[in-house]
Amino acid sequence: MAGMLYLVPTPIGNLGDISIRCRQTLEEADFIAAEDTRVTLKLLNHLGIKKSLVSYYEHNKAFKGDKIVERILSGETCALVSDAGSPAISDPGEDLVKQCAAAGITVCAIPGPCAAITALSISGQATGRFCFEGFLSTSKKSRREHLESLQSEQRTMIFYEAPHKLLPTLEDLRDAFGGERPISLCRELTKLHEEVVRTTLAEAVARYTENPPKGEFVLIVAGAEPEEKAVPTETDAAARVMQLMEEGLTRKDAVKQTAKELGLPKNVVYDIALKDSE
Ligand code: SAM
């Protein structure tokens with residue numbers, strides 16, 4: 001009988017945010033796979049839990065993933081944790097979930113702390129539709145391509161960023177979306193110095209140029225305003241009918257095509273065309 005993989009979210013600052021179910025799962029698992037065993041050991045010591053730990057991080061995940069899958073297939077239960085927040089969200093873990101799913105192993109995600117959702121909730125930006133963009137690449141070309149692909153994005157956008165890269169990222173966001181675009185900078189969430197700065201991209205650049213950023217940040221950027229659809233005028237309709245007739249269409253066909261192209265009722269275009277020909 002195969003075991004299971006549990007994804008166990010851990011606090012992003014406030015240790016009180018560990019849930020009863022997460023605690024129980026860590027206690028009951030056969031072993032814990034952790035991004036950084038030293039970080040997880042501190043949490044386990046705080047919770048008074050003693051458990052066998054294996055490391056699973058970006059640079060050993062290809063090799064360690066196979067070992068973990070083997071152990072689960074032999075009947076053991078694994079709890080996966082990252083340094084903070086929800087495993088598999090901009091954290092190692094995504095690949096382990098894929099590997100386990102492919103091997104037919106049941107994966108159970110326990111709900112809990114996630115920096116992106118915590119930040120979105122208090123951002124004051126629209127939360128009805130949003131997209132998670134994670135970290136921007138360190139390669140200039142991919143960053144530019146990524147931001148270009150978001151220029152007409154109307155949903156609220158969520159970005160993660162490390163403090164030492166915050167200022168260049170804010171500059172890139174300002175260049176891609178314009179200085180007036182609203183942004184909420186959510187810093188040190190659930191910690192003593194938690195802060196939300198609701199401002200514009202231009203002002204955020206000015207602010208952090210003057211005071212270098214400290215701590216962890218989630219950036220919540222407002223989506224683009226919907227473009228106003230130009231309403232076709234009578235003159236547009238008349239001109240298009242005339243043009244199509246000059247190209248050889250009958251008045252009836254020119255009216256039909258113009259109505260289709262401009263999204264207007266045929267009889268309206270017909271009246272406009274008639275008036276124009278009088
Ligand atoms: N998987 C984690 C999650 O979804 O909560 C995120 C891990 S990712 C490697 C780390 C990034 O999450 C940081 O660079 C920062 O952008 C964000 N983050 C984590 N903890 C935070 C906190 N307490 N306050 C603000 N941002 C935080």
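The following exercises, each with a worked solution, concern the fold and pockets of a predicted model.

In this predicted model, local features require pLDDT of at least 70 and side-chain atom pairs count only at pLDDT 80 or more, whereas totals for chains, interfaces and linings use all residues. Residues are numbered from 1 along each chain as its sequence is written, and side-chain values use heavy atoms, with hydrogens and water left out.

**Exercise 1.** Determine whether the protein chain is a compact globule or more spread out.

*Solution.* Step 1: the secondary structure comes to 11 helices and 10 strands, taken as DSSP runs numbered from the N terminus (helices H or I, at least four residues; strands E, at least two). Step 2: the globule rule, 2.2 Å times the number of residues to the power 0.38, gives 19 Å for 278 residues, while the radius of gyration is 27 Å, so the chain is more spread out than a compact globule. That radius is taken over C-alpha atoms. Step 3: the C-alpha trace spans about 90 × 55 × 35 Å along its principal axes.

**Exercise 2.** Characterise the largest pocket by volume and lining.

*Solution.* Step 1: a pocket is an open set of points on a 1 Å grid over the protein atoms alone, where a 1.4 Å probe fits, with protein on both sides within 12 Å along at least five of seven lines; lining residues have an atom within 4 Å of a point. Step 2: the space in the largest pocket is about 460 Å³, a volume being the space filled by probe spheres set on the points, which are joined across faces, edges and corners. Step 3: 24 residues line this pocket, and A84, A115, F135, Y160 and E216 are the closest to its centre. Step 4: strand 7 (156-161), strand 8 (182-187) and strand 10 (217-221) each contribute at least two lining residues. Step 5: domain 1 (4-113) and domain 2 (117-221) each provide at least three, with bounds from an automatic or database domain assignment.

**Exercise 3.** Establish whether V205 is buried or exposed, and identify its contacts.

*Solution.* Step 1: V205 lies in helix 8 (residues 201-210). Step 2: its relative accessibility is 7%, so V205 counts as buried (buried, under 20% relative accessible area; exposed, over 50%; partly exposed in between; 1.4 Å probe, protein chains only). Step 3: beyond neighbours within four places in sequence, V205 contacts L167, L170, E171 and R174, contact meaning heavy atoms within 4.5 Å. Step 4: the C-alpha atoms of V205 and E171 are separated by 6.3 Å, although these residues are 34 residues apart along the chain.
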